[in-house]
Amino acid sequence: MIITNGAALWLALLIPVVVFAYFIRRKIRRRVVSAMFLWDEALNSALAPVRGFRVRNLLALILALLVTLALITSLVNPIVGNAGRVGDLALVLDNSASMSARDANGQTRLQNARELADRIVANKPDEREILVLTTAPDVEIVSGFSKDFAALRRRLERVEPSNQPSELRAALEKAKFFQRARGENAKVIVLSDFACKDADEIVDEINRDPALAAARIGAPVDNLALLNLVARRSPNGDPTFETLVDVANYSDTTAEFNVELELNGELLDILPLELEPNERAQKIVLNSSEQGGTLRARIVPLALDFNDASPLDDERETTLLEFPALKIKLFGDRDLFLETVLEAQPNATVERVAQPPQTLANDELLIISGQTPSEIPNGAVAIIAPTASCNLFELGDEIPETALDGEPLDEGLARYLKFNGQTLRGVRKVTIANGYETSVYAQAPEAPVLFEMRNPTAQDSGRVFVLNFATAESDIGLKTLFPILFANLVGEARGYNPDETFSRALAAPDEANLRRELELTDANTELATTAGRAPIWLLCAAFALLVAAVEFYLFCRRRVE
C-alpha cells in the first residue's frame with residue numbers, strides 16, 4: 001500500500017479529541033427542591049440497567065472512532081495493488097488535421113481529447129509523473145515527465161491543431177520507449193481518432209499489450225480532403241508548369257466541388273470535380289507563368305448543405321520555382337535562323353561575343369558554333385558542328401552523309417524529336433577524353449550525333465551539349481525540328497529535372513483523414529480514472545457515511561429510552 005497524501009496524516013490528532021469528548025462528564029449543579037421522593041423514583045428507574053447503559057455508550061465511542069478513521073483514510077488516499085511506486089504515464093495526444101473535425105457536441109476532436117487528458121491529469125496520484133507527446137506534424141514532447149498538476153494542464157491547453165497527417169506510429173514507439181525506461185508499472189495512453197496509416201495495426205497492438213491503453217475520439221464524419229499538391233516546371237524551356245492535385249471524397253454522398261488554384265494570392269485556375277462516395281482522383285492542370293512563389297489549392301464545395309467536418313485538410317500549398325532568366329552568349333559562325341530561335345525563348349537574352357569567356361555564371365549558356373576553341377570553359381556550354389579538337393574530345397574524319405542508327409531517345413536534347421531517317425551532313429568521328437561521362441541521345445552508325453558530357457570529378461565543370469552535325473547544311477526536314485531541338489537545349493541549360501517530382505508525388509501521397517470505425521476493448525477505454533490504482537478513498541468515505549448513519553440511529557434510540 002502506498003500513501004499518496006501524507007499531509008492528511010495530521011488529522012490523526014482528532015482521535016484523542018474524540019476520545020476525550022466521550023469522557024467529559026457533566027458538572028452536577030445544586031438545586032433546592034420541595035421534596036426528594038420524586039427524584040429518587042426517577043433516578044432509580046433510570047439507573048436500573050446500569051450495565052446496558054455503559055455498553056451503549058462504549059459502542060457509540062467505537063463507532064465515532066471508526067467514522068474518524070475512515071475519513072482520515074479516505075483523505076490519505078492510499079493505493080493498493082501493484083508493488084512499488086505508482087507507475088508513471090506517457091500520454092499521446094493526437095493533434096493532426098483530422099482532429100479538427102467537429103463532433104456532435106459542437107467541439108473539435110482535439111478539444112474533446114484535451115478534456116479527457118485533463119481529467120486523467122486531475123485524477124492522478126500525487127507521485128505519478130506524466131509525459132505528454134503530440135503527433136503532428138512531427139512527434140513532439142509537449143511536457144517531460146512531471147508531477148506538477150497545474151503545469152501539465154497549462155501545457156495541454158497550449159496544444160494546437162496541425163494541418164498535417166498524424167505520425168501516430170512514431171509517437172507510440174517513442175512513448176513505449178519512455179514507458180519501458182520507467183519500469184513495469186508505467187503506462188501509455190493514446191487519445192486519437194486513429195485517422196492515419198496503419199491504424200488497424202496500432203489498435204491491435206494496443207489491445208494486446210496491457211501496458212497500453214487508448215480512447216478513440218470522435219465518430220465517423222463526412223470529409224473532403226486535398227491529399228497532395230505538387231508543381232513542376234516544363235522541361236522544354238518554356239514557362240509552362242504542371243500541377244498535380246490529389247483529392248478524395250470520404251463521405252456517403254456524391255460531392256461536387258471546385259479546386260481553386262492561386263499563385264501568390266491571385267486566382268490562377270478553377271478545376272471543377274465530382275467524386276463518388278469514397279472516390280479518390282488525381283488531376284494534372286497545365287498553366288503558364290514566368291513568376292514563381294506560393295502555389296495554393298483550396299477545395300470549395302458547391303452544395304451549401306455539405307458538412308465538411310475537417311476544413312484544415314481542404315487547403316494545401318507548395319512552392320513553384322521561378323522561371324529562371326538565361327543569358328545566352330553566341331560565339332563562332334553566324335546563323336540567323338539560330339539567333340532568331342534563341343531570341344524567341346522566354347526570359348532569355350542573346351549576346352554575340354568576340355571571344356568565349358573563361359568562366360560562366362550559373363545563369364549563362366555559351367553556344368559555340370563551328371569555331372571550336374581548344375579550352376572549353378566551365379559551365380553550361382553547347383557546341384554546334386565542332387570543327388576542331390578541344391580539351392573534351394578529339395575530332396576525327398568527317399562523314400560526308402549519314403543517317404541515324406535508329407530513332408533518338410525521347411529524353412534530354414532529343415525529347416519530342418522525330419528524325420524519320422533524315423540524312424545528316426557534317427558528322428565527324430569523336431573520341432571522348434578520359435574521365436568524362438557521356439549520355440548519347442542520338443547515334444549515327446560511326447559517331448554520336450547528339451550527346452552530353454559531364455566531368456564527375458569536377459563539381460563546377462557544368463554540362464556540355466554537343467550537336468555533332470551541321471545544322472545549316474542538313475536536309476530541310478531537319479529545319480522543322482530546329483526550334484524544338486534548341487528549346488530542349490535551353491530547357492536543359494536551365495537545369496530542370498522533368499519527371500522526378502511527379503513520380504515521388506504519385507508514389508507516396510500524404511495520408512487522408514479516413515472515415516473508419518475502430519473497435520477498442522472496454523478495458524482500454526476506461527480512462528477517466530487513473531489506471532492501475534484501487535479507489536480506496538471512495539470505499540473509506542462510504543464506510544464512514546454508513547457508520548455515521550448507524551451511530552445516529554442508536555443515538556435516537558437512546559434519547560427515546
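Which residue's side chain meets that of Glu452 in a salt bridge? Select Glu452 and look for Arg454: the two side chains pair up there, 3.3 Å from N to O. Keep in mind that this is a predicted model. Colour the pair by accessibility and the two ends differ in class: Glu452 is buried at 5% relative accessible area, while Arg454 is partly exposed at 37%.

**Stop 1: the whole chain**

Zoom out. The chain has 561 residues, and 45% of them count as buried. In cartoon view you can pick out 12 helices and 23 strands. If you like contact maps, take the contacts with a separation of 6 or more: 68% of them are between residues 24 or more positions apart. Switch on the surface and you are looking at about 29700 Å² of exposed area, with carbon and sulfur atoms supplying 53% of it.

**Stop 2: helix α4**

Now select residues 109–122, which make up helix α4. As a quick check on its geometry, 14 residues at 1.5 Å a residue should span 20 Å, and the end C-alpha atoms are indeed 20 Å apart. This helix is largely enclosed by the rest of the structure, because 10 of its 14 residues are buried. Among the buried ones are charged and polar names as well as Leu and Ile: try Arg109, Asn112, Arg114 and Asp118, then Leu110, Leu116 and Ile120.

What covers the buried residues of α4? Show the strands β3 (89–93), β4 (130–134), β6 (187–192) and β7 (212–216), plus helix α5 (149–157); the cover includes every one of these.

**Stop 3: two nonpolar cores**

As background, nonpolar side chains tend to be buried together in soluble globular proteins. Here the largest nonpolar core holds 38 residues, and the members that touch the most others are Ile328, Ile367, Leu450 and Phe486. Helix α10 (residues 482–493) is the top contributor to this core, giving 6 residues.

Centre on Ile367 and show its surroundings. Beyond residues up to four places away in sequence, Ile367 touches Ile328, Lys329, Leu330, Phe331, Leu338, Leu342, Ala382, Ile384 and Leu489. Apart from that core lies another one, of 20 residues; select Ala113, Val121, Leu191 and Ile217 to see some of its members. Two of those names should ring a bell from the previous stop: Ala113 and Val121 are buried residues of α4.

**Stop 4: a nonpolar patch on the surface**

Go back to the surface view and select Leu58, Leu59, Ile62, Leu66, Leu69 and Phe543, which make a nonpolar patch of about 500 Å². Helix α3 (residues 50–76) supplies the largest share of the patch, 5 residues. Leu58 is in that helix.

**Stop 5: backbone oddities**

Time for some torsions. Select Ala136 and Pro137: a cis peptide bond joins them, with omega at about -5°. You'll find Pro137 in the loop between β4 and β5 (140–146).

Next, Phe194 has a positive phi, near 55°, without being a glycine. Phe194 sits in the loop between β6 and α7 (199–208), and is buried, at 0% relative accessible area. Asn264 also has a positive phi, about 55°, and is not a glycine either. Look for Asn264 in the loop between β10 (255–263) and β11 (266–275); this residue is partly exposed, at 35% relative accessibility.

**Stop 6: more salt bridges**

The chain has 25 salt bridges in total. Start with Glu205 and Arg169, whose side chains meet at 2.7 Å, N to O. This pair links distant parts of the chain: Glu205 belongs to helix α7 and Arg169 to helix α6 (residues 168–181), 36 residues apart. Glu205 is buried at 14%, whereas Arg169 is partly exposed at 27%. Glu205 is also in contact with Leu172, Glu173, Lys176 and Leu212, among its partners beyond four places in sequence.

Then jump to Arg298 and Glu315, a salt bridge at 3.4 Å, N to O. Arg298 lies in strand β13 (residues 293–301) and Glu315 in strand β14 (residues 315–320), so the pair ties together parts that are 17 residues apart in sequence. Both ends are partly exposed: Arg298 at 24% and Glu315 at 33%.

Which residues do salt bridges with shared partners join into one network? Select Glu260, Glu262, Arg296, Arg298, Glu315 and Glu317, and you have the set on screen.

Conventions:
Residues numbered from 1 in each chain as written. Predicted model: local features only at pLDDT ≥ 70, side-chain atom pairs only at ≥ 80, totals over all residues. Heavy atoms only, no water. Helix = DSSP H or I, 4+ residues; strand = E, 2+ residues; numbered from the N terminus. Expected span 1.5 Å × (residues − 1). Buried < 20%, exposed > 50% of the residue type's maximum accessible area, 1.4 Å probe, protein only. Contact = heavy atoms within 4.5 Å. Core = buried A, V, L, I, M, F, W, Y, C linked by side-chain atoms within 4.5 Å. Patch = residues over 30% accessible without salt bridge, like charges linked within 9 Å, V, L, I, M, F, W, Y side chains within 5 Å. Areas by Shrake-Rupley, 256 points an atom, 1.4 Å probe, with all protein chains shown as cover. Salt bridge = Lys/Arg side-chain N within 4 Å of Asp/Glu carboxyl O.
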